[in-house]
Amino acid sequence: MQERHRLGEEEITRELFRPLVTTTPMMWVGFIGLGAVLAIFVFAISWMFYWGLGVTGLHRPNMWGFMIVNFVFWIGISHAGVMISAILRLTQAEWRRPVTRAAEVMTIFSLMTAMLHPVIHTGRPWRTLYWVFPYDFWRNLWPDIRGPLVWDPSAILTYLTGSTLFLYTTMIPDMALARDRSTGWRRTLYTILALGWRGNERQWKMQTIAGFLLSGLILPVFVSVHSIVSWDFAVSLVPTWHATVFAPYFVIGAIHSGVSAVVTLMALMRWLFRFENYIRLEHFDAIGRLLIAVGTGWLWFFLLDIFFAIYPQEARELEIMQFRLFEWPFNVFTALIFIFGYFIPVPIWVFQRFRRNVKIMFWTSILVNVGMWAERYWLIKPGLMRKYEWTFDWAWYRPSIVEMSIVLGSFALVGFLLLVFSKIFPPISVWEEKEGQHFAQQLQVGKRVVNAIVREF
Amino acid sequence: MAIREVLGLYRDLDSAVAAADALREAGFSRSEFEVLSNAPYPEGTFGEESGIHRLFVFPLIGAACGFAAGLLITGGTQLSYPLLTGGKPLLSIPPMIIIMYEGTMLGALIFTVLGVLFESRLPWIGRALYDPRITEGYIGILVRTAPEREAKAIDALRKANPEDILTENGTVGQQPARS
Amino acid sequence: MPRWGMVIDLDRCIGCGACVVACQAENNVPINTEDTYHQRRAIAWIRLERYWEGEYPNVKARYIPVPCMQCTYAPCEPVCPVYATYHTTEGINMQVYNRCIGTRYCAVNCHWHVRFFNFWEPKWPDSLKNQLNPDVTVRSRGVMEKCNFCVHRIVKAQHKAKVEGRALRTDEVQTACAQACPTNAIVFGDLDDHNSTVSKLLAQAEREGRVYRLLEDLGTDPKVYYLKKIDLEAAAEPAAAH
Amino acid sequence: MATHGHAHGHELQRTWELAPADVLNAGLRWVRSIGTGRRTLVLVCAGLFALGVLAILAFPLRQGFAERQAWTYVAVAFLYLMSTAAAAPALSTALRVARSHWRRPVNRASEIWAVTLIIPFLLYLILLPTFPGTEDRLSIWFGWPLSPWLWGAILLLALTGAGYLFAWFSSLPDLAIVRDHGSPAQRRLAAWLSRGWIGSHRQWRFYEKVVNNIGVLYVLIYVPVMTVLASDFIIALIPGYFTAVFPAYFTITSFQAGIALTIVTMAVLRRWGGQAEYLGREQFWALGKMLLAFSLLWFYFWWSEFIIFWYGRMPHEIQVLKLLMAETYRWPFILSFAMNFALPLLILMWNPIRRSITGPTVVAVIVLVGNLIDRIRLTSAAFSQPDAALLGHAHKLKELPAAYVPGIADMVILVGMVAGALTLVLWAARYLTFPSVAEVVGGLWLRAHKPFKHARVIVIGKTE
């Protein structure tokens, strides 16, 4: 079953460093295409700064719109990365090796992108630093820690710091490798980053323990982040927002969308950097199996949310429920969520034949994220459009071109950053691949030779 | 200097382990040589080494600091600016818990990384024998010993047909291993 | 320490909108052009909501003026990250413009829709430049604003009283809307003072069972009280508005 | 995590160096050793169970179904069994799906609890009449005809069926062993159960495929069942308790209790069942980690409900907080908070303790008690509402009911039902081998302790 190639040290190094040294035409296309969209993104934001939020589609009562939805979406994406690498490290799953690095990088970049949104969508962004980096005494007032919008930065900054340190710590040995093989500015850069790593036993031991320790520490943080993001909505009294289930529901949703995003990323890397020997079908198989569990858990919470929103049978909740289940365009969103988020991908993933087919995995993972974006919009907007009995103040929300280009641009931003990263740093952890080779063993059971792996405990 | 360094380079694991054994036979203690590789091997592959470290103290200290910081910021804000909002108590505990939690975790994470760097003696700016071939997959065995025993070390390293042997004054080259 | 409150007698309200105009003038609220209305970004600290009742030909227009409810447990307050809105000791839900960074969470969590955001730089025609009220800040782009029971009038009166070395007289202060109301449908005063008009009105209305508050069930304890219409159809009226 | 986590720091468990024959002999030793100790224990448990049944007949039943409060502790017993005994097989499934080898001696210890499912099922049946129909009250059934009675019963029936199927099928090969080598008394049942099992290649392939699927099926039924129970027994009986996360809380905490139950079972087997070679540090360590994780989840799910109510402070939310945490049931809440979250965290956060036998065991006992207290708190609060308080889609707790203090009869019922479960388990243990020979032997091929140069390492084989 398991197609495990025995690769030489040199071969591994050369192939995993390929994106650093050679830029394929496709990568150029990527750079230029994403760069163009990025330019639009930057222009949209500056335009919005100059004219103010008037240029968005926001109004009363729709004070929050696309940018917040997108914020939640990117926070969601940012969750899988670290979750995957942490859980797989803790369980010592072999198939973590090619996944962890890229996943963590995706976490960091999507987290940065997410953080951008709440900042630019405030009325006076230049004053917003006061909110995120608050503790300046001359203004004589500290932020109100009772506000969920203060919990947010604290959680997100913790998560960002944590995952960046996590990524860097696991990257030091590869920096040493790069240092010994490069010249010019790259060499100076890698020399600095490698911190003079020499690879003696003690350092390796620390490296191994750090993997476990940091994983164990980052997991609780990762759970808290999206919970706190969910409380931005849940602590308010807006009908359909004020639900106790929001925290775990957002977290599981985040994992669902995030892990799918990791699949997308794996497929892209496999295709763009030709990593067939490292990102193998068995990895898609394993992550697909994980996704079945995650998706089903997500469905459970999704249904809990809907059913217990109807449960009190209050006019307000029912009004909004009816509105978002049956009225255009939310009925379409509902369908998207159910069909793209669960009922197409999961039944497909049940079959190993499909789990081991990269194309299918790629497209299903895309579907999931379309569904999850719709879900975020579906969760957040209707409550505002139909807030309480004030039919006089009910209003539709139409995103302006500016908001749309910001949403579009956010995707380009993450993609662009990922490309840049993989030009400078190896997108797959080289030393972990080699470790995998060192630890690989085989067991003879009768006539069958079973692939095995060395465990230290 | 009182300590001389010798670095033996080996192409594969077996010879490296053999070299380690040879050194031990020649009477070098485990603390006198270290093994350099480009990826971890199961611990103790080259014989038991002292695995003592304090890494697990760091996160605890960090957590304590983070918790304290969180407590000060949250408690301090509410007590020094007694502004009523939404009828919440002037010292509301639940929001404090959330931020103190984040502070605790942040402290723990930062200190863990510091601990990892400290315990693995990074960043390392001192000079020590090293060879880029190690990251290529060769296994290096670095002996630190008194000048008079240097020759002995070189002999021991030679026993396991090394790819190359470096001393502080350049390579001593490979010589056919005497078996 | 007074506890400011307001009573709005819907039985007296004729929906003339004088309160709205007075408020605009008093509090330097920018002029709402036609397209700010179309954008649903019009700012009116007190607004007049009109609900149609019944089928043609016997249609009835129902009016209800809605200022800020000055909730005692205001949901909008704790969600502000920068203390830009907080509760004064006199029970007014205050908005501090230069603290505000415009997260608009307060507006999201205000279920009476009485918090307004300056999406554009506020503008006045030159003819009105000199009409601006010197006692009230002109808000800049990107901050929230809302009714604050004409707090500048309250402060002025309290200051005057202090200078004259006396306590604040009952019903000494009036908000612009109350002052402008031709039918005295809007009455402002101290809820804790038993001689104040609001207290008397409330006491009487309680007996008639006409008192209600908007979204009372949220448990935020609003300080703006409404008195039902007396005519028979009025039974339906709160159901429409409340 | 990896404190001194390498093989050559401490001794490796002997399990994986045994020969298949040793495992078989151990299993047979268990089957053949039915000492007077176990007999008397069974008798005592059976006696307590009989007492419990009598108590049910004598007290709640005499007061009739209309008097719901009298049934409080029957409900407690039911919910407690559902969240411990019924959760254990779910844990076993999770371990099977995760495909690690250390779990092989563990599965039997958790799956065997499935045989107790008949007791909660019967309890549920006699509890059903105490519920009013759902036409005129808030419930997750939305006044569906014959709810909750018929549909709840069907769900429970499905769960019970799946549970027994799982317990039976997973122990098929071992039953065959008992059939061939057990005492005549044992053979009859074992033979009937393991009819046709000859261990052919096809049978094994089928077995491997199907066991996991049955387990998954069990979990897929268990979760909805707990969701429905949480809503029928707790949420729907407390007016104004509008919470969507509670069913999740209920389910997750049940998994926590299931893990605890498994650990305790393992400890007992190790101490008195001569399983020391199979249930060692490795297993306790792994399950200790899981227990710690789920204790954290206990807090998480509780908190995500609490913070919303605290912040929202709507009247009905304040009432619920008062009833369940702040006033009426303050002490039960504090206790369950301490025993389900605080103590487990403080004890298990230290790896040396996690890595021991006693550490996880002690915590597991604490959690089992804590879970019981938690269920008592919730059930007592819920069952203290008369029908009048629910009917007409009541949206708010009018006034806080007084706390329900159990009488001696309640205690007898509770103890009796738990003892009944024990009886069933002990009885079933007669016909099963400990350890599960099939599982452990199957692992022997795939897991070896080898020297790696100077180190000693574990080599784990992964089929496929």
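**Entry 1. Backbone outliers in chain C**

I located C:H113 in the loop between α3 (105–108) and β6 (115–117) of chain C. Helices (H or I, at least four residues) and strands (E, at least two) are taken as DSSP runs, numbered from the N terminus. The model is a predicted one, in which local features need pLDDT of at least 70 and side-chain atom pairs count only at pLDDT 80 or more, while totals for chains, interfaces and linings use all residues, and side-chain values rest on heavy atoms, with hydrogens and water left out. I number residues from 1 along each chain as its sequence is written, and I letter chains from A and number ligands from 1 in the order in which they are written.

I read phi of C:H113 as near 55°, a positive value in a residue other than glycine. Most residues other than glycine have a negative phi, and most peptide bonds are trans. C:H113 is buried, at a relative accessible area of 3%; buried means under 20%, exposed over 50% and partly exposed in between (1.4 Å probe, protein chains only).

I then turned to C:R40, where phi is near 60°, again positive in a residue other than glycine. C:R40 sits in the loop between α2 (34–38) and β2 (47–53) of chain C. Its relative accessibility is 29%, so I class C:R40 as partly exposed.

**Entry 2. Cis peptide bonds**

I found a cis peptide bond from B:L122 to B:P123, with omega near -10°. B:P123 falls in the loop between α3 (93–119) and α4 (133–136) of chain B. I noted another cis bond from D:S147 to D:P148, with omega near -5°. D:P148 belongs to the loop between α7 (118–127) and α8 (149–170) of chain D.

**Entry 3. Cysteines**

How many disulfides are there over all chains? I count zero, taking a disulfide as a pair of cysteine sulfur atoms within 2.5 Å. I checked C:C19: the closest cysteine sulfur, in C:C16, is 6.2 Å from its own, which is too far for a bond. C:C19 is buried, with a relative accessible area of 6%. In chain B, I looked up B:C65 and found it partly exposed, with a relative accessible area of 39%.

**Entry 4. Helices of chain A**

I examined how helix α9 (residues 246–272) of chain A packs with helix α15 (residues 358–385) of chain A: the angle is about 150° and the axes are 8 Å apart. The axes are lines fitted to C-alpha atoms, for helices over the stretch in contact, and angles run from 0 to 180 degrees between N-to-C directions. I record the crossing of α9(A) and α15(A) as left-handed, meaning that the near helix is turned anticlockwise from the far one by less than a right angle (clockwise would be right-handed). The contact of α9(A) with α15(A) has 15 nonpolar, seven polar and three charged residues. Here Ala, Val, Leu, Ile, Met, Phe, Trp, Tyr, Cys and Pro count as nonpolar, Asp, Glu, Lys and Arg as charged, and the others, Gly among them, as polar.

I tested the length of helix α10 (residues 281–310) of chain A: at 1.5 Å a residue its 30 residues should span 44 Å, and the end C-alpha atoms are 43 Å apart, which agrees. The expected span is 1.5 Å times one less than the number of residues. Of the 30 residues of α10(A), 21 are buried, so the rest of the structure largely encloses this helix.

I also looked up A:W151, which lies in helix α6 (residues 148–181) of chain A. Is A:W151 buried or exposed? At 0% relative accessibility, A:W151 counts as buried. The C-alpha atoms of A:W151 and A:T100 are 28 Å apart, for a separation of 51 residues in sequence.

**Entry 5. Two sites in chain B**

I placed B:E49 in the loop between β2 (33–36) and α2 (57–80) of chain B. B:E49 is buried, with a relative accessible area of 14%. Between B:E49 and B:R30, 19 residues apart in sequence, the C-alpha distance is 6.3 Å.

I placed B:G170 in strand β5 (residues 170–171) of chain B. B:G170 is partly exposed, at a relative accessible area of 33%. The C-alpha atoms of B:G170 and B:V6 are separated by 9.8 Å, although these positions lie 164 residues apart along the chain as a sequence separation.

**Entry 6. Confidence**

I took the mean pLDDT of chain B as 85, with 95% of its residues at 70 or more; pLDDT is the predictor's confidence in each residue, from 0 to 100. Among the elements of chain B, the lowest mean pLDDT (74) belongs to β5(B) and the highest (94) to α3(B).

For chain C, I noted a mean pLDDT of 90, and 95% of its residues reach 70 or more. Among the elements of chain C, helix α8 (residues 236–241) has the lowest mean (51), and helix α5 (residues 151–163) the highest (95). Where pLDDT is low, the predicted coordinates should not be read in detail.
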